[in-house]
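The following exercises concern the structure shown below. Each task is followed by a solution that proceeds step by step.

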Amino acid sequence: MSIDNPKMVPSHDALARQLALTVPGMAHFATTGPKGTTCGECEFLQPALNKKTENRCQRYFWMMREWSRTHLPASTPSCKHFSEKQT
Ligand code: SF4
């Protein structure tokens with residue numbers, strides 16, 4: 001099957017950038033959320049239960065039925081499941 005519109009397919013460079021910025025424990029690939037937003041602005045980023053200096057993604061927890069073991073920095077570019085924190 002061919003794809004007629006090349007704009008529908010991310011470039012190799014764009015995919016490589018997404019993979020390079022994605023952190024284990026994210027709910028989806030980095031940079032797939034609203035432009036310019038970060039995990040730190042997302043309501044799903046939570047302090048880790050036993051390591052208060054680290055963060056985990058609650059959306060990842062809901063999908064995988066377990067918490068990620070790795071820290072998710074607040075500065076990480078958001079994913080497509082981004083949901084802005086309510087103040
Ligand atoms: S943007 Fe939100 S849902 Fe996506 S990985 Fe970051 S904290 Fe999780």
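The structure is a predicted model, in which local features need pLDDT of at least 70, side-chain atom pairs count only at pLDDT 80 or more, and totals for chains, interfaces and linings use all residues. Residues are numbered from 1 along each chain as its sequence is written.

**Exercise 1. Contacts of F82**

Task: State which residues F82 is in contact with, leaving aside its neighbours within four places in sequence.

Solution. Two residues are in contact if their C-beta atoms, placed from the backbone, lie within 7 Å. Under that condition, the partners of F82 outside four places in sequence are G33, P34, T37 and C42. F82 and C42 also both belong to the largest nonpolar core. Such a core is a set of buried Ala, Val, Leu, Ile, Met, Phe, Trp, Tyr and Cys residues joined through C-beta atoms within 7 Å. This one has eleven residues, including M26, A27, F44, L45, Y60 and L72. As a general tendency, nonpolar side chains in soluble globular proteins are buried together.

**Exercise 2. The ligand shell**

Task: Identify the residues that come nearest to the ligand, and give the composition of the shell by class.

Solution. A residue is near a molecule if its C-beta atom, placed from the backbone, lies within 6 Å of it. There are 13 residues around the ligand, and C39, C42, C57, S78 and C79 come nearest. For the classes, Ala, Val, Leu, Ile, Met, Phe, Trp, Tyr, Cys and Pro count as nonpolar, Asp, Glu, Lys and Arg as charged, and the others, Gly among them, as polar. The shell then divides into nine nonpolar, three polar and one charged residues. C39, C42, C57 and C79 are also members of the largest nonpolar core.

**Exercise 3. Overall architecture**

Task: Describe the order of helices and strands in the protein, and its extent.

Solution. Helices (H or I, at least four residues) and strands (E, at least two) are DSSP runs, numbered from the N terminus. The protein has two helices and two strands, arranged along the sequence as α-β-β-α. Its C-alpha trace spans about 50 × 25 × 20 Å along the principal axes. Of the contacts with a separation of 6 or more, 64% join residues 24 or more positions apart.

**Exercise 4. Burial and backbone of T31 and R65**

Task: Is T31 buried or exposed? Is R65 buried or exposed?

Solution. A residue is buried if 20 or more other C-beta atoms lie within 10 Å of its own, exposed if 12 or fewer, and partly exposed in between, with C-beta atoms placed from the backbone. T31, in the loop between α1 and β1 (45-47), is buried because 20 other C-beta atoms lie within 10 Å. R65, in the segment after α2, is exposed because it has 7 such atoms within 10 Å. Phi is positive at T31, near 75°, and at R65, near 65°. Most residues other than glycine have a negative phi. Over the protein, buried residues make up 22% of the 87 residues.

**Exercise 5. Surroundings of Q46 and S75**

Task: Which residues are in contact with Q46, leaving aside its neighbours within four places in sequence? Which are in contact with S75 on that basis?

Solution. Q46 lies in strand β1 and is partly exposed because it has 15 C-beta neighbours inside 10 Å. Its contacts are N55, R56 and Q58. S75 follows α2 (58-64) and is exposed because it has 8 C-beta neighbours inside 10 Å. The contacts of S75 are T38 and G40.
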